[in-house]
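Subject: Structure handover

Dear colleague,

Please find the structure below, followed by notes on what was found in it.

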Amino acid sequence: MRVHFHGAAGEVTGSMHLVEAAGKRVLLDCGMRQGSAEMEAGNVDPFPFDVASLDALVLSHAHIDHIGRVPLLVKRGFRGPIFAQQATADLMPIMLLDSASLAESDAERYNRRRTHGEAEVLPLYTREDVVDALAQLHPLAYDVRERILDGVEIAFRDAGHILGSSIVELWADAKKLVFSGDLGPQGTPILRDPTPIREADIVLMESTYGDRNHKERTDTIRELGGILDRAWRDGGNVLIPAFAVGRTQELLYWFARHWDEWQLSRWTIFLDSPMAGKVVQVYARHHELFDEEARRVWAQC
């Protein structure tokens with residue numbers, strides 16, 4: 001078994017790792033580089049391997065820095081199966097169609113303003129490319145060991161990061177590789193805690209926040225309630241910028257759980273994100289993945 005690192009190694013985004021084992025080539029994640037203009041410009045570069053030679057793609061979760069270049073991979077010749085946890089598979093059309101729409105808008109805006117002699121800019125991929133990529137998608141459940149290729153088996157374990165996020169276990173060549181993807185902390189609202197993995201021969205672990213100490217979640221929730229109360233007394237409004245996947249749903253969860261305590265019926269609450277609204281619908285289809293407390297809150301909402 002050999003592992004080649006082509007992203008999210010020495011950098012934070014663009015997760016992409018190539019595993020060669022059992023005579024097969026399996027790509028773990030195909031994420032978009034995000035951050036500086038220079039880093040994002042690298043998304044259009046050729047892939048550092050023969051795309052057509054890949055046998056399968058395995059995805060850890062639906063954030064763009066882990067799936068953002070999947071349509072480009074297919075556009076450039078990948079024809080194999082794409083494996084993802086069931087909830088991740090449901091989130092992918094939302095995430096990738098939005099990404100494609102942004103790319104198309106950016107290209108159209110640039111081309112409208114370009115001066116004579118400047119080359120036309122093409123989007124990284126289009127919504128049609130996303131549709132083509134999704135046709136190769138194979139959803140899998142948690143905790144089921146599946147043979148995806150001759151000599152290669154995988155299982156998805158709950159990573160507790162966002163809905164459908166997975167730790168990937170991969171067996172091949174009498175070895176077991178574990179790819180953590182992004183790991184959630186213990187006690188994340190709505191989601192179950194990450195599944196403990198007891199053994200592995202090789203571990204690829206996300207470590208972006210490995211040296212950070214976070215304050216207690218109860219302190220954060222108490223602070224949020226205090227902000228709402230002060231804003232009401234001062235006659236103000238509260239504007240909360242939040243990621244459309246994961247963070248927005250967490251906020252809605254805390255609003256539901258503390259509805260009476262925070263007197264939220266006196267507020268008018270707007271969710272100003274079509275994407276976040278679509279993601280809420282995916283959460284509704286997968287409440288079996290919630291932790292016990294969240295299932296109880298969901299049943300009472």
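Axes here are lines fitted to C-alpha atoms, for helices over the stretch in contact, and angles run from 0 to 180 degrees between N-to-C directions. Helices (H or I, at least four residues) and strands (E, at least two) are DSSP runs, numbered from the N terminus.

This is a predicted model, in which local features need pLDDT of at least 70 and side-chain atom pairs count only at pLDDT 80 or more, while totals for chains, interfaces and linings use all residues. Residues are numbered from 1 along each chain as its sequence is written, and side-chain values use heavy atoms, with hydrogens and water left out.

Helix 4 and helix 5

Helix 5 (residues 127-134) packs on helix 4 at an angle of about 155°, and the axes are 8 Å apart. Helix 4 is therefore roughly antiparallel to helix 5 (angles under 35 degrees count as roughly parallel, over 145 as roughly antiparallel, 65 to 115 as roughly perpendicular and the rest as oblique). Their crossing is right-handed (the near helix is turned clockwise from the far one by less than a right angle; anticlockwise would be left-handed). From helix 4, the contact (heavy atoms within 4.5 Å) uses Met92, Pro93, Leu96, Leu97, Ala100, Ser101 and Glu104, and from helix 5 it uses Arg127, Glu128, Val130 and Leu134. These residues divide into 7 nonpolar, 1 polar and 3 charged (Ala, Val, Leu, Ile, Met, Phe, Trp, Tyr, Cys and Pro count as nonpolar, Asp, Glu, Lys and Arg as charged, and the others, Gly among them, as polar).

Helix 7 and helix 8

The axes of helix 7 (residues 247-257) and helix 8 (residues 274-285) cross at roughly 70° and come within 9 Å, which means that helix 7 is roughly perpendicular to helix 8. This crossing, too, is right-handed. Thr248, Gln249 and Leu252 in helix 7 meet Ala276, Val279, Val280 and Tyr283 in helix 8; 5 of the contact residues are nonpolar, 2 are polar and none is charged.

Buried residues in helix 7 (buried means under 20% relative accessible area, exposed over 50%, partly exposed in between, with a 1.4 Å probe and protein chains only) are Thr248, Gln249, Glu250, Leu251, Tyr253, Trp254 and Phe255. Their cover includes helix 6 (217-233), helix 8 and helix 9 (292-300).

Core

The largest nonpolar core (buried Ala, Val, Leu, Ile, Met, Phe, Trp, Tyr and Cys residues joined through side-chain atoms within 4.5 Å) has 80 residues. Helix 4 (residues 86-113) gives the largest share of this core, 8 residues. Leu27, Phe49, Leu57, Val58, Ile67, Leu73 and Leu163 have the most contacts inside the core. Leaving out residues up to four places away in sequence, Leu27 touches Met16, His17, Leu18, Phe49, Leu54, Ala56, Leu57, Val58 and Leu73.

Single residues

Most residues other than glycine have a negative phi. Ala22 has a positive phi of about 55°; Ala22 sits in the loop between strand 2 (17-21) and strand 3 (24-28) and is partly exposed, at 29% relative accessible area. Gln263 also has a positive phi, near 50°. Gln263 lies in the loop between helix 7 and helix 8 and is partly exposed, at 43%.

Glu169 is in strand 9 (residues 166-172) and is buried, with a relative accessible area of 5%. Beyond residues up to four places away in sequence, Glu169 touches Glu153, Ile154, Ala155, Arg157, Lys176, Leu177, Val178 and Ile197.

Regards
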